[in-house]
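Work through the exercises below with the sequence and the model side by side, and try each task before reading its solution.

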Amino acid sequence: MTYQLPQLPYAPNALEPYISNNLMSFHYGKHHQAYVNKYNELTQGTSYADQPLEKVIKETFKNPDQKTLFNNGAQIFNHTFFWNSMKPKGGGEPHAKLKNAIQQTWGSFDQFKVEFTTKASTLFGSGWVWLVKEGEKLAIIQSKDAQTPITGETQKPLLTLDVWEHAYYLDYQNKRPDFIKTYLEHLVNWEFAEKNFG
Ligand code: FE
């Protein structure tokens, strides 16, 4: 069974002017697609081919011999989660339940944004920043390269931001902080986070 690249939840130009059609076409159409192609190549003819993506990610994470398959599978999941973490006319603030949880954890929504920005800008090299639910608490975590919170049993991802250079270079060049600010102000999909928060 061949894994299909999931559809983008909006048109590739829908996040303009914050993410250009050009950047989205490369990031989704080339990078995300390449992870899918490699994943299919590696799973073809193996017992992994018929297993759900998340199961393959969790199993290969525990097996150092399957590092390449893990990396490609996790990058498929992470990117799909990232597309859903954004929407046209995003930004703003979450509603009561999640907003209360954020205020309880960081004191204020503004302080949450400060912490998220710090975690996203200080991640050295390639990786992801996540807002996760851990039990009844919230946390902002960094994951390196393809690492993903779903391999642990305790963290449920609510939102993610891709801070690999390929995620912003075409539009923002080396200015990762500008990309992080734009994500929080104009792109983040709080409805998706609320749905994940439950
Ligand atoms: Fe990416």
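**Exercise 1.** Determine which residues stand opposite Val-129 in the neighbouring strands E2 and E3.

Solution. Start with strand E2 (residues 137–144), which runs antiparallel to E1 (residues 127–134) and is joined to it by eight bridges; here Val-129 stands opposite Gln-142. Strands are DSSP runs of E with at least two residues, helices are runs of H or I with at least four, both numbered from the N terminus, and two strands pair if DSSP finds at least two bridges between them. Turn next to strand E3 (residues 155–162), also antiparallel to E1 and joined to it by seven bridges, where Val-129 stands opposite Leu-161. Finally, seven of the eight residues of E1 are buried, that is, under 20% relative accessible area (exposed is over 50%, partly exposed in between; 1.4 Å probe, protein chains only).

This is a predicted model, in which local features need pLDDT of at least 70 and side-chain atom pairs pLDDT 80 or more, while totals for chains, interfaces and linings use all residues. Residues are numbered from 1 along each chain as its sequence is written, and side-chain values use heavy atoms, without hydrogens and water.

**Exercise 2.** Identify the donors of the iron ion and work out why their arrangement is tetrahedral.

Solution. First list the donors (N, O and S atoms within 2.8 Å of the metal, or 3.2 Å for Na, K and Ca; water is not among the atoms, so sites may look incomplete): His-27 (NE2), His-79 (NE2), Asp-162 (OD) and His-166 (NE2) coordinate the iron ion at 1.9 to 2.1 Å. Then check the angles: the four donor atoms subtend 90 to 129°, which makes the arrangement tetrahedral, since four donors count as such if all angles lie between 85 and 135 degrees.

Note on methods: Tetrahedral: all angles 85-135°; square planar, octahedral: opposite > 155°, others 65-115°.
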